[in-house]
Amino acid sequence: MNVLDVQDLKKHFPIRAGILRREIARVRAVDGVSFHIAEGETLALVGESGCGKTTVSRCILRAMPVTSGAIRFAADGGGQVDLARLSKRQMRPLRRHIQMIFQDPYSSLNPRMMVGDIIAEPLKVNGVSAAERRDRVLELLDLVQMPPGARTRFPHAFSGGQRQRVGIARALALNPRLIVADEPVSALDVSVQAQIINLLLDLQDRLGLSMLFVAHDLSVVRHVSDRVAVMYVGRMVEVAPTDALYRAPLHPYTEALLAAVPAPDPMRRGRRQVAQGEVADPAKPPTGCAFHPRCPHAVERCRVERPELRPAAEGRYVSCHRAEELDLVGVR
Amino acid sequence: MASVTRQTPMVERVALAIRDLAVQFESEQGVVRALDGVSFDLHAGRTLGIVGESGCGKSVTARSILRLVDRPGRITAGRMLLDPGAEGEVDLAALDPESRRMRGVRGGRIGLIFQEPMTALSVHYTIGNQIIEAVRQHADCSAAEARNRAVDLLRDVGIPRPETRLRAYPFELSGGLRQRVGIAMALAGDPDIVIADEPTTALDVTTQAQILDLLRRLQAEKQIALMLITHDMGVIAEMADEVAVMYLGRIVEFAPVADVFSAPRHPYARALLRAVPSILAAPRQRLSTIGGAVPHPGSRPSGCPFHPRCAEIIGDICRQQIPAPVEPGRAGASCFLTEPGRERAA
Amino acid sequence: MSATAEARFAEATQLQLTWWRFRRHKLAVASLFVIALFYLIAIFADFLAATDPHATDARRSFIPPQGIHFFDDSGFNPHVYGLRGVRDPRTFQLTYAPDPARKLPVRLFVRGFTYDLFGLIETDIHLFGVVGGRPGESAFLLGTDQLGRDLFSRLMVATRISLVIGLAGVTLSLFLGVLLGGISGLYGGWVDTLIQRLIELLRSVPTIPLWMGLAAALPRTWSVLQVYFAITLIISLIGWTELARVVRGRFLALREEDFVIAAELSGASQGRIIFRHMLPSFASHIIAATSLALPAMIISETSLSFLGLGLRPPAISWGILLQDAQNIQVLANAPWLLMPAIPVTLIILAFNFFGDGLRDAADPYG
């Protein structure tokens, strides 16, 4: 069963002007996005700035109201509940099931609380007794490979990597059904980044985590995700199992994205095709396929008709009119 | 492709020679040695990649060369020779940072590209104003000439419709265009040395690729000595001719780029390369890690600064003695393992 | 850093870290001592007063400050000389000359006028005083005023009233500021707009005329105590606006902080988020803002009373003491009456240095 089913999610931000605050335009930050996350699966949401990946994650966390669409989340007792329709008050009891790992390990921990209290806070809020909290904190510290003595120390005593471990322990405290990780390693040094990636892989194996992994770094994504969803200007362009997507992308944007990543191998230098132009402005996206002005394969149809996300081979989805005819290059 | 396998000896003119550079920051908590005897050469038309994690001193190196180290930091030792051996040789370390001479070097001989171009640009003036101003600071020319030069610069860095862009304010541009303007600013004084401090870190990946291509093209056209500072091994692999790997204020390895990636000499370089996530990874592939974290430069370990995290430590010598620094101009590592007559511990 | 120092640092609370940083500001630490000294004076004002600050005596008006002599022929024997009134033969003005023949011994813990220590314990013990003098005689360290009241004793009592009025005013401002600033920052929208416009309106009214108007509106028949409270209210009416702005700004900044969002996502209630996560994060900012607001309060009271619009005699405050120094003729004859300006300046500088130091220590990056 799926932990999360997102159907045609839309989030529009109105641009208002004048004394009457009339809406003069709207930014379609997320404009009809559908995907699902299966139990125990990590789905990576990738794309460049302004593609809407962060907005999608904030909508799922209900940190902001949703314009339209459904966010069906596995509820207690086997059914599904649509988070998009819940009020703030109705959302509160469900919060414990969706937790978040933050990007910045410095601002995500309250500097005035001891590490033990930070990890115990979600437990305390949800009415876990003091004795149980203590045991659980020790268990969690062990899980993220931190010494038990960290409990009585304050965040300022720890490095970025250790703080990120604390943040992960806090996210795991309530045994959530879904974890939203927002660029959890992008603020870390390379050597520390590797430690956290390995930790996430361990936790996926040991706890069977279901995770939405929001990231821009396609290298990191290749290590940690089972499936990848690529976004461009508020829409999903391709969803596929990780390995398939990297080896043989179906959407020209995915191809361009993969080609742009500099591989840590000087022998591959100069082999890549760099996509021209810039990411489109979500306030005035191009007609038809939003990628068409940059796409080397675009035809007239791409300029006028907007492609919908449709199933392609073995568990893959793509929104490109020409997906079947093109022979795109991945990385291997 | 060809540039990678280029193993020709470095015959190009040395534009800048750094020797035994040391920078300290003095605070009430004690003395922090941000740079501890750094030596390297920048050659005309070549790219030196400087790579390292936070606190390794790569940005301090850039700021020292431009004499932009602010108090309480100061250069305590070393020389920075512009045009070494030539008639007009200047030691930048001996100049007054505020002097006319140094101001002429900044921008005129050495251009700087920032991570966030907005730090180099003022929000109050159009980019035209700022580039023309920068051009006129380093060249004695009329306003009209400066304007033409600014248009040329913007065209050079691949900005479409440069004449109209002159009237734009920096905040009206996208991140990629802003970085192009930042590069145009750095080139306004026609420098022969350019320092790029994480020039693509703040950019999206497709934009990053465009900017890297641009830098490479400009360097080839103008025979610039490029010092590229980054934490990204991919960018190094893509761009550098030679690589200096830094750790806690020291260069621990210096070598041609192909060497560094195929046969790294220093254990830190070896470990760092294995820790880099790769776009070519197998599904759910784990990375090898370096234990611990980079120590604060203020609590530098004794002996070899990398020894507490080193997987290849050979004994007390690593704990007690500091290995000799890398000799400038020659590939090598600052490690006891690479000293002649020493075997690698099993 | 040694291992124990490191552990100490690791387990230090933000309060301790703030204190460690604060200790480095020498001027701020010195100011803290000055402030503490002043509040000690405020607490023990009656005990420190050698003479009843309200007692008038026409025969001892305008006595210049008297020095204490610590030694005489018989060794250590602190004393002041008795005074002899001399009428100037030309101006017929009475001046005082010390009479070395009559020594008035000065002793510690002597009995004097009765007062209530802390408002509870009735006692007549004072820190020092003369023993065995004629009625009306005492040690006038800072001289006397026109009505023959001991300036030193009055200054002690004035310190209490001026400091307490400042503290009360700031407490009231703090309450209003945190409440309205908090509402403004938390709820935003039209509530925020309304409160912000109100603040701007209040701040755009010139302060002195506003106070004058309000103070003049106080009924003359009100008792000293009623006036006292009314004045506190009036001066805190403006004071809260600055604090409200600080609080609102902090709330707006903190609302976006990841750790606050994390608390929200764990299902914490609004109250818990505010009191457990947000308020502690800017408590030190509030303290700093408060200590920077206090001098303004003290100055306000002093200026109002000086202008005759604030407290009225028989109440004693710094402003009322300085009111006596308004007359140029009085000043020419008795320059010591200007003395109360010194503690006013001192405490205001101290509060400013202290507040600056604390602000830097609380937020080293801000």
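**Entry 1: the end of a helix in chain C.** I started just past helix α5(C), where C:G188 takes a positive phi of about 60 degrees. I note here that I am working with a predicted model. I then checked the helix itself: α5 of chain C covers residues 151–187, and because each of its 37 residues should add 1.5 Å, the expected span is 54 Å, which agrees with the 52 Å that separate its end C-alpha atoms.

**Entry 2: strand β8 of chain A.** Next I turned to chain A and asked how many residues of β8(A), residues 211–215, are buried. I found that five of its five residues are buried, and I wrote the strand down as mostly covered. Looking at the directions of the side chains, I saw A:M211, A:F213 and A:A215 pointing one way, while A:L212 and A:V214 point the other way, and all are buried. I reminded myself that side chains in a regular strand alternate between the two faces of the sheet.

**Entry 3: the partners of β8(A).** Which strands pair with β8(A)? One is β3 of chain A, residues 42–46, which is joined to β8(A) in the parallel sense over five bridges, and there I located A:V46 opposite A:A215. Another is β7 of chain A, residues 178–182, which runs parallel to β8(A) and is held to that strand by four bridges, with A:A181 having A:F213 as its bridge partner. Following the chain from β7(A) to β8(A), I passed through α6(A), and this β-α-β crossover is right-handed.

**Entry 4: a loop residue before β7(A).** I looked up A:N175, which sits in the loop between α5 (160–172) and β7 of chain A. Is A:N175 buried or exposed? I counted it as exposed, because A:N175 has 11 C-beta neighbours inside 10 Å, and the cut-off for exposed is 12 or fewer. I also compared its position with that of A:L250, and the two residues are 75 apart in sequence and 36 Å apart in space, taken from C-alpha to C-alpha.

**Entry 5: where chain A touches chain B.** Finally I went to the interface, where 41 residues of chain A are in contact with 41 residues of chain B. On the chain A side, at least two residues each come from α6 (190–207), α7 (218–224), α8 (242–247) and α9 (252–260). Which element supplies the largest share of that side? I found that α6(A) does, with eight residues, and α6(A) is also the helix that I had passed through in the crossover from β7(A) to β8(A). By residue class, the side of chain A that touches chain B divides into 21 nonpolar, 11 polar and nine charged residues.

Definitions and conventions:
Residues are numbered from 1 along each chain as its sequence is written. Chains are lettered from A and ligands numbered from 1 in the order in which they are written. This is a predicted model: local features need pLDDT of at least 70, side-chain atom pairs count only at pLDDT 80 or more; totals for chains, interfaces and linings use all residues. Two residues are in contact if their C-beta atoms, placed from the backbone, lie within 7 Å. Ala, Val, Leu, Ile, Met, Phe, Trp, Tyr, Cys and Pro count as nonpolar, Asp, Glu, Lys and Arg as charged, and the others, Gly among them, as polar. The expected span of a helix is 1.5 Å times one less than its number of residues. A residue is buried if 20 or more other C-beta atoms lie within 10 Å of its own, exposed if 12 or fewer, and partly exposed in between; C-beta atoms are placed from the backbone. Two strands pair if DSSP finds at least two bridges between them. A crossover is right-handed if, with the strands pointing away from the viewer, the path from the first strand over the helix to the second runs clockwise.
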